[in-house]
Amino acid sequence: MSCSESDDPRELYKKNDSVFIGKVKETTYEDVGTLNPKSRVTFEVQSVLKGNGRDNLTIVTTAGSEFLNTKEYLVYAYKTTKKNYLYKYVQGELATDTWCGGTKELSLASYDLEEIAELKKMSKILNVTAIVSVVLFVIITLLIVLKRNRKENDN
């Protein structure tokens, strides 16, 4: 099988709505009238890297994705829409794919975690740089305005 999308952890982090580390609690299946039943995996969330944090999170999985009970995973999940839904659309569901979506056992995710940490670090640096730039712009603008006002008052 070949995946058309990037498996770069930084790209996966950016494109997915939720990224977390979790331990599988249970897997359930729902017959939706297709060849494959709709499968959902409930994770006990241990660490939220992106998205909303909850103690437990249930994710819809693609056919062929396999999750073993009590195993820990790095999960990249996206919100389903009417265009990308799996099986039977339910608004607000999150979905993942172990084949092309980047989700993997935590024991295989050290590179992903390093790249995500680096990306988050760079993001913080860029945010601080942007704030400092805005503050400097405001100070310089105020100094120019004060200087003009002083010149007008002197004349």
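**A tour from paired strands to an aromatic cluster**

Begin by selecting strand S1 together with strand S2 (residues 38-50), which pair in the antiparallel sense over 11 bridges in this predicted model. Within this pairing, pick out Ile21, whose bridge partner in S2 is Ser47. Keep S1 (residues 18-30) selected and add strand S4 (residues 72-79), since these two strands also pair in the antiparallel sense, over six bridges; here Lys23 stands opposite Glu72 in S4.

Next, show the aromatic side chains, among which there are four aromatic pairs. Centre the view on Phe43 and Phe67: the ring centres lie 5.6 Å apart with the planes at 90°, so this pair is edge-to-face. The pair links distant parts of the chain, with Phe43 in strand S2 and Phe67 in the loop between strand S3 (56-61) and S4, 24 residues apart. Phe43 is buried at a relative accessible area of 0%, and Phe67 is buried as well, at 9%. Then add Tyr73, whose ring centre is 6.3 Å from that of Phe43 with the planes at 75°, so this pair too is edge-to-face. Because Phe43 lies in strand S2 and Tyr73 in strand S4, the pair ties together parts that are 30 residues apart in sequence; Tyr73 is buried, with a relative accessible area of 3%. Selecting Phe20 along with Phe43, Phe67 and Tyr73 displays one aromatic cluster.

Now turn to Tyr13, where Lys50 lies over the face of the ring at 5.2 Å from the ring centre.

Finish at the second largest pocket, which holds about 150 Å³ of space. To display the lining, select Asp17, Ser18, Gly51, Asn52, Arg54, Leu57, Lys79, Gly92 and Leu94; by class, these comprise two nonpolar, four polar and three charged residues.

How values were computed. Residues are numbered from 1 along each chain as its sequence is written. This is a predicted model: local features need pLDDT of at least 70, side-chain atom pairs count only at pLDDT 80 or more; totals for chains, interfaces and linings use all residues. Side-chain values use heavy atoms; hydrogens and water are left out. Two strands pair if DSSP finds at least two bridges between them. Helices (H or I, at least four residues) and strands (E, at least two) are DSSP runs, numbered from the N terminus. On a 1 Å grid over the protein atoms alone, a cavity is a set of points where a 1.4 Å probe fits but cannot get out, and a pocket is an open set with protein on both sides within 12 Å along at least five of seven lines; lining residues have an atom within 4 Å of a point. Grid points are joined across faces, edges and corners, and a volume is the space filled by probe spheres set on the points. Ala, Val, Leu, Ile, Met, Phe, Trp, Tyr, Cys and Pro count as nonpolar, Asp, Glu, Lys and Arg as charged, and the others, Gly among them, as polar. Rings of Phe, Tyr and Trp (its six-membered ring) pair if their centres lie within 6.5 Å; planes under 30 degrees apart count as stacked, over 60 as edge-to-face and the rest as tilted. Buried means under 20% relative accessible area, exposed over 50%, partly exposed in between (1.4 Å probe, protein chains only). A charge sits over a ring if NZ of Lys or CZ of Arg is within 6 Å of the ring centre and within 35 degrees of the ring normal.
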